[in-house]
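Open the model in your viewer and keep the selection panel at hand. The stops below say what to select next and what is there.

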Amino acid sequence: MVPIEKSASEAEIEGVPEPYALASLELHPGRTVVTVGRGTGAVTFGGARVPVVAGPCAVESWEQLEAVARAARAAGARLLRGGAFKPRSSPYTFQGLGEEGLKLLARARELTGLPVVTEVMSPDAVGLVAEYADCLQIGARNMQNYDLLRAVGRASKPVLLKRALSGTIEELLMAAEYVLAAGNPEVILCERGIRTFERATRNTLDLSAVPVLKELTHLPVLVDPSHGTGKRSLVPAMALAAVAAGADGLLLEVHPDPARARSDGPQSLTPADLEALVPRLAAVASAVGREL
Ligand code: PEP
Ligand code: MN
């Protein structure tokens, strides 16, 4: 594990635990495999497979979600995503459909058999979101919301934890530690791009985080090239590179009509883009000894 600098006095205190003892690979040899969903639709992260998680940034309507869910299923995606509670940078933009969005996700799961992952933004909403979702997403903006991390740590659903916009890898692991320490061992990490000086992309997708995390933790690592680049044209190349780098899965935003999307249209793939990308991902996965 990366040594964090401790003051002499702190290092000397007996019994001070490592900053992310439960997440650490050193202290927990063997990889953690996280299962999302139940029965025939169950999907695992951290094993031999590299599942694709696909869906709209935000759930907008049944028509929109149904189109994406059917396309995701047909293309070979294993988990459906879609935000019902959206953390938007401006308070004046679409904030999500709330509980209505959760109901639509549950309906899409029934239709396709795909389990669903959706974001939870506040500790108070964890119970509600966990009633509908198979996996609880913690967004980048909430990676260090410790009350929220503790709340999902007490839930009985897996957690998809996204790296903060300016979060270091060590901070991501300490955030995961909050969830693990609260009693939930099912944490999936997600690299989604970090904020740098570069403006050609929305964020800088830190693919080196994948092998770095593999050295430090037993938890599975997803990559989100949609938020990582912010541009549809760049998503396929970075998705392929993520699989080559050892990612345990991909998070891809897909919209039936990106030009009309209420959030993140410019980075959303069309269903046709997804269909074209999946066989290429499968080829790279096979080249690195994995399968989709
Ligand atoms: C999302 O997945 O739609 C999202 C809001 O992502 P992030 O928290 O990484 O910005
Ligand atoms: Mn989004």
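Select Arg 88, which is partly exposed at a relative accessible area of 24%. Here buried means under 20% relative accessible area, exposed over 50%, and partly exposed in between, with a 1.4 Å probe and protein chains only. Arg 88 is in the loop between β4 (79-81) and α3 (99-112). Helices (H or I, at least four residues) and strands (E, at least two) are DSSP runs, numbered from the N terminus. Add Ser 263 to the selection: its C-alpha atom is 8.7 Å from that of Arg 88, although their positions lie 175 residues apart along the chain.

This is a predicted model, in which local features need pLDDT of at least 70 and side-chain atom pairs count only at pLDDT 80 or more, while totals for chains, interfaces and linings use all residues. Residues are numbered from 1 along each chain as its sequence is written, chains are lettered from A and ligands numbered from 1 in the order in which they are written, and side-chain values use heavy atoms, with hydrogens and water left out.

**The manganese ion**

Next, select ligand 2, the manganese ion. Which protein atoms are its donors? They are Cys 57 (SG), His 227 (NE2), Glu 253 (OE) and Asp 264 (OD), at 2.0 to 2.4 Å from the ion. Donors are N, O and S atoms within 2.8 Å of the metal (3.2 Å for Na, K and Ca); water is not among the atoms, so sites may look incomplete. Along the sequence, the spacing of the donor residues is C-x169-H-x25-E-x10-D. Glu 253 belongs to strand β10 (residues 250-253), and Asp 264, eleven residues apart from it, to the loop between β10 and α10 (271-287). Glu 253 and Asp 264 are both buried.

Stay on Asp 264, whose relative accessibility is 15%. Its phi is near 55°, a positive value in a residue other than glycine. Most residues other than glycine have a negative phi.

**Ligand 1**

Move to ligand 1 and show its surroundings, which include Cys 57, Arg 81, Lys 86, Glu 119, Lys 162, His 227 and Glu 253. A residue counts as near a molecule if one of its heavy atoms lies within 4 Å of it. Three side chains are worth labelling for their N or O atoms. An oxygen atom of ligand 1 is 2.6 Å from such an atom of Arg 192, one is 2.9 Å from Gln 137, and one is 3.3 Å from His 227. Ligand 1 taken alone exposes 290 Å², of which the protein buries 97%; these areas come from the Shrake-Rupley method with a 1.4 Å probe, and for residues only the protein chains shown count as cover.

**The loop between β8 and α7**

Select Thr 201, in the loop between β8 (187-191) and α7 (209-216). Is Thr 201 buried or exposed? Thr 201 is buried, with a relative accessible area of 18%. Its side chain reaches the backbone oxygen of Asn 203 at 2.8 Å.

Ala 200 is in the loop between β8 and α7 too, and is partly exposed at 44% relative accessibility. Measure from its C-alpha atom to that of Gly 230, 30 residues apart along the chain: the separation is 9.4 Å.

**Last stop**

Finish at Arg 73 in helix α2 (residues 62-75). Arg 73 is partly exposed, at 46% relative accessibility. Its C-alpha atom is 20 Å from that of Gly 265, and the two residues are 192 apart in sequence.

Definitions and conventions: Polar contact = N/O pair within 3.5 Å; in protein donor to acceptor, adjacent residues only side chain to side chain.
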